[in-house]
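Reader: I have a structure open and would like to talk through how its helices pack. Can you take a look with me?
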Amino acid sequence: MYCYKCGSELSDSDKFCGNCGAKAQQIDELESRVNHLESAEASRDSGSVGWTVLGFFIPIVGLILFLVWLRSKPNNSNAAGAGCLAGILIWYVLPFVFPIFV
Ligand SMILES: [Zn+2]
């Protein structure tokens, strides 16, 4: 590996750069931080079933999330939209189509 500060070559066992004294594991730390951020970013658009459930029980919220996320978070948008549709069907359409369920 190479020193993140001065670029001189380090052996894997080096804890500090022999040239400038920078911490050798800094790059690993940065990489793990970047990976963590990336996975956090991805988890924000995971299309989590939680958004479907939320849209199901509160269809108007699902509809708003669906529209807000349509471009920025397509997976979450789909999840919320699906929940919204299911919620509208169950709470508002079915009782009229099948009054026996009410
Ligand atoms: Zn260095």
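Author: This is a predicted model. A place to start is helix 4, whose buried residues are covered by elements that include helix 2 (49–57) and helix 3 (59–68).

Reader: Which residues of helix 4 are buried?
Author: They are Asn76, Ser77, Ala79, Ala80, Gly81, Gly83, Cys84 and Gly87.

Reader: And where is the kink in helix 4 centred?
Author: On Leu89; helix 4 spans residues 74–97, and the kink is about 35 degrees.

Reader: Back to the other two. At what angle do helix 2 and helix 3 pack?
Author: The angle is about 130 degrees, and their axes are 5 Å apart. Angles that are neither under 35, over 145 nor from 65 to 115 degrees count as oblique, so helix 2 is oblique to helix 3.

Reader: Which residues make the contact?
Author: Helix 2 contributes Trp51, Leu54 and Gly55, while helix 3 contributes Pro59, Val61, Gly62 and Leu65.

Reader: How many of those are nonpolar, polar or charged?
Author: Five are nonpolar and two are polar, with no charged residue in the contact of helix 2 with helix 3.

Reader: Change of topic: which residues form the largest nonpolar core?
Author: There are seven: Trp51, Leu65, Phe66, Trp69, Ala79, Ala80 and Cys84. Helix 3 and helix 4 are the elements that give two or more residues to this core.

Reader: Which element gives the most?
Author: Helix 4, with three residues.

Reader: What does Phe66 touch?
Author: Leaving aside residues up to four places away in sequence, Phe66 touches Ser77, Ala80, Gly81 and Cys84. Those four are among the buried residues of helix 4.

Conventions. Residues numbered from 1 in each chain as written. Predicted model: local features only at pLDDT ≥ 70, side-chain atom pairs only at ≥ 80, totals over all residues. Bend = angle between axes of the 7 residues up to and from the residue. Buried ≥ 20, exposed ≤ 12 C-beta atoms within 10 Å, placed from the backbone. Contact = placed C-beta atoms within 7 Å. Axes fitted to C-alpha atoms, helices over the stretch in contact; angles between N-to-C directions. Nonpolar A, V, L, I, M, F, W, Y, C, P; charged D, E, K, R; others polar. Core = buried A, V, L, I, M, F, W, Y, C linked by C-beta atoms within 7 Å.
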